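Reader: I would like a close look at one part of this structure, the open sheet and what packs against it, followed outwards to the contact between the chains. Please take it step by step and keep to what the model shows.

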Protein chains: 2
Amino acid sequence: MQDVKVGVIGLGNVGSGTLTILAENGEQIAAKLGFRLRVTAVCSRSVAEKQIPAALGNVQRFTDWRDVVNSPGVDIVAELVGGTGAAREIVEAAIATGKSVVTANKELMALEGAGIWDRAIQAGINLAMEASVAGGIPIHTVLREGISGDRITALYGILNGTSNFILTEIEKRASDFADVLAEAQRLGYAEADPSADIDGFDARSKLALLAALAFGERITPSDIYTEGIRRISPVDFQYAHKLGHTIRLVCAARATREGLLLSVRPALIPLSTILASVQGAYNAVWVRGHYGADTFYYGRGAGPHPTGVAVVSDLMRVAREIRSGSPGRVSPFAHEELAEYKPIPITLQTRAWYLRFRVKDRPGIIATLAGILAEKRVSLDAVLQLPSETKTDLPFVITLEPTNEASVREALEKMSALDFLTEPPLALPMETAL
Amino acid sequence: MQDVKVGVIGLGNVGSGTLTILAENGEQIAAKLGFRLRVTAVCSRSVAEKQIPAALGNVQRFTDWRDVVNSPGVDIVAELVGGTGAAREIVEAAIATGKSVVTANKELMALEGAGIWDRAIQAGINLAMEASVAGGIPIHTVLREGISGDRITALYGILNGTSNFILTEIEKRASDFADVLAEAQRLGYAEADPSADIDGFDARSKLALLAALAFGERITPSDIYTEGIRRISPVDFQYAHKLGHTIRLVCAARATREGLLLSVRPALIPLSTILASVQGAYNAVWVRGHYGADTFYYGRGAGPHPTGVAVVSDLMRVAREIRSGSPGRVSPFAHEELAEYKPIPITLQTRAWYLRFRVKDRPGIIATLAGILAEKRVSLDAVLQLPSETKTDLPFVITLEPTNEASVREALEKMSALDFLTEPPLALPMETAL
């Protein structure tokens, strides 16, 4: 059968990983497909400096992406530029010229995926985005196809490798957040400006995409309640362990009677749950289905080769469709049409809570805090205090029985005026049902 | 768009789970597909006694499967009978009449899948088998599509829920194998004749299918080295824990220079590996890819609803193909053609080893055993002996440095004549690289 021809735009980490796999693994890929995937064009602003694997044979090199998109020798455009600037133009132009698109772009697809997909359907082209979330885990394929017969009731993810690396380092080494972040930056695991990772915005885009796949709703990332990990300290892990839990940046999507409840925030999860075993830069997704019960998926979150596998697997899927002659049936989502998402305030949810205080120690503190909780009709579960060296910045923890988040916030608001607190209380939900 | 019509043959656990999902989840399924999956016919020898969900509407009931296969009102036949008798006839007949087939049948597909698929290709029909292995885990979809761009180097699975339940009960409760088996039978987790589960034959069929998917070879189950769990006792878990390991019935497929090495056997796996967290009747698959590194998939191994999700997801995939008008492109395997598998003797492999002895205690035992190991040029790693109440049936353990399995067997053979042994030594490989 005839080759299917691929143009790769963007030769950074993911682009070069993709080319390596297409070059080195070409025979295996052809054995699976029954025809060849051939890279005919690549594009990068600095294409002259890029190493293109010799095994790819004759590849045209361009500095202007329009040359790839307009090339008659390209069937599928792999958009591996990232971001929402040029990437948007590339994807739109490829669709307009009737070329299928494989993208690794979480920001673009989270922000505009539904609209892009509409245009792809109209143009009769294929659109795939497995590499956009949790590069090493084929979670799109799983949600779109593998368990498509199920009705998903909850999805929990650890979707940002950098923050998971930082949290598990704090946990293992009892080092402060700032020190671990600095080391992660030295090692290249965290960016010079780490905000997208540690403040949860990267994870938020990924959750928006996975939730759209799992629940069939069109989710705007900024509608997702998001909180980062800057306030997590070694003492929080000590208390969490004491409670049989650990702490992770949890991306959660849960079907409730009110609708879909979405959040990205640090949370306590039981040490006994398989999600608690996710260490370092790994990613994982835990899915609860109404029929299939719980399933769990784990792998590398990023990296040129793991993400390259996702891009190449998408290219294979799209190439099969092109060779079969059926127009535009590879879709990025599981549903034929996405419904509108009606955001639900996170304050509606009821959870058990972990409240960590730091205080200048003096008599009556517990009584004061317990009084405020009682006033807000919040039931205290336990008070924990580990041995501490200091009396002027003493950490201790109160856990709460399952309580509506609105009530917790009211209590915290009232507590914020207390002069014995050395910093505002830290409140983390406890995901005990995992 | 027009409905796609399904005939379900076999109304046992999986069949009834499938009907429940198709009935209750019909709206969601239609929202995903853009058309309806409609059950038009069911078949069971005792169909009169079966509850058919009213929400399915008008469903024809048959006692002879030929009536389903020959019905013009059926597009896809779901073969949920199991076994290799009637099931084979059903699948063959469905293919012959040009109907697509979804099957949950691991024995049939492991024994004859490649040949059946050949005929399916010639007939231009779709053939899918997600439910045949690890019902609750969409591992077929993952291997066939999600990570198809990778080159898989190893696959490890926990694929038999009954034996995993028994092993983890022995581990938790320190009860003997026979007691735990009896209880599992009482609870309905194990069959009256438990051999298929505890002697590894069920797992072997499943490994044959997953390895065919992962490595593109046509594997006959009886070519797989298989050993069951009957000899595992509480003391083995005590020693394994002491060594930082646990014991599971491990299905392994590894690409080696000599070819594909396949085995189903109890093995020590590190407690730190995520595979060690698989408890009770759960299944899991751990895959190492040359590019994607390690990924891990976890869920229910069986059960009407988890397996029903797999069947329904396959029906959806096949229905999409039928509606798109492209003939027979849903294939059960990842490769266009399966290569022949050349069996490799398991004795070629090199592993660290756990050897457990039971002896009538007397001086010189370690010296004798160490002498035999030295004679066979096998390096001893450690000798472990936990406190024991008995001197007449004393268990202790010797671990070996990585050693060729052939040498270990020679040493064990030589040891078998020793009169201080109360039973033959138990040798388990240690999968330390997991």
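**The open sheet and its surroundings**

Author: In this predicted model, chain B holds an open sheet of six strands, ordered β3-β2-β1-β4-β5-β6 and paired in parallel fashion. At its edges stand β3 (60-62) and β6 (127-128) of chain B, each of which pairs on one side only. Further in, strand β4 (residues 76-79) of chain B is joined to strand β5 (residues 100-103) of chain B by four bridges, and the two run parallel; in this pairing B:I76 stands opposite B:S100 of β5(B). Helix α4 (residues 86-96) of chain B packs on the sheet, where it touches β1 (4-9), β4 and β5 of chain B, and its direction makes about 170° with that of β4(B). Helix α12 (residues 304-324) of chain B also packs on the sheet, touching β1, β2 (37-43), β4, β5 and β6 of chain B, with its direction at about 165° to that of β5(B).

Turning to chain A, one finds an open sheet of six strands in the order β3-β2-β1-β4-β5-β6, again with parallel pairing. Because β3 (60-62) and β6 (127-128) of chain A stand at the edges with a single partner strand each, one side of each is left without a neighbour in the sheet. Between strand β1 (residues 4-9) and strand β4 (residues 76-79) of chain A there are four bridges, and these two strands run parallel, with A:I9 standing opposite A:E79 of β4(A). Helix α12(A) lies across β1, β2 (37-43), β4, β5 (100-103) and β6 of chain A, running at about 165° to β5(A).

From this helix one can move on to the contact between the chains, which takes 49 residues from chain A and 49 residues from chain B. On the side of chain A that touches chain B, at least two residues each come from α2 (26-33), α6 (139-146), β13 (293-300) and α12 (304-324) of chain A, and α12(A) gives the most, with nine residues. Sorted by class, that side of chain A has 19 nonpolar, 21 polar and nine charged residues. Strands also meet here: three bridges join β13(A) to strand β13 (residues 293-300) of chain B, and this pair runs antiparallel, with A:Y298 opposite B:F296 of β13(B).

Another helix of chain A shows how burial is distributed around an axis. In helix α8 (residues 177-186) of chain A, the residues A:V180, A:L181 and A:A184 are buried, and because they cover an arc of only 100° around the axis, they lie on the same side of α8(A). The face of α8(A) turned away from that buried side carries A:A178, A:D179 and A:R186, which are exposed. The cover over the buried residues of α8(A) includes α7 (161-173) and α9 (195-198) of chain A, and just after α8(A) the residue A:G188 takes a positive phi of about 85°.

These parts belong to a chain A with 14 helices and 18 strands, in which 54% of the 434 residues are buried. Of the contacts in chain A between residues at least 6 apart in sequence, 75% join residues at least 24 apart. The C-alpha atoms of chain A fill a box of roughly 80 × 45 × 35 Å along the principal axes, and the radius of gyration of chain A, 24 Å, agrees with the value near 22 Å for a compact globule with 434 residues.

Conventions
Residues are numbered from 1 along each chain as its sequence is written. Chains are lettered from A and ligands numbered from 1 in the order in which they are written. This is a predicted model: local features need pLDDT of at least 70, side-chain atom pairs count only at pLDDT 80 or more; totals for chains, interfaces and linings use all residues. The radius of gyration is taken over C-alpha atoms; the globule rule is 2.2 Å times the number of residues to the power 0.38. A residue is buried if 20 or more other C-beta atoms lie within 10 Å of its own, exposed if 12 or fewer, and partly exposed in between; C-beta atoms are placed from the backbone. Two residues are in contact if their C-beta atoms, placed from the backbone, lie within 7 Å. Ala, Val, Leu, Ile, Met, Phe, Trp, Tyr, Cys and Pro count as nonpolar, Asp, Glu, Lys and Arg as charged, and the others, Gly among them, as polar. Two strands pair if DSSP finds at least two bridges between them. The arc is that of the directions from the helix axis to the C-beta atoms. Axes are lines fitted to C-alpha atoms, for helices over the stretch in contact, and angles run from 0 to 180 degrees between N-to-C directions.
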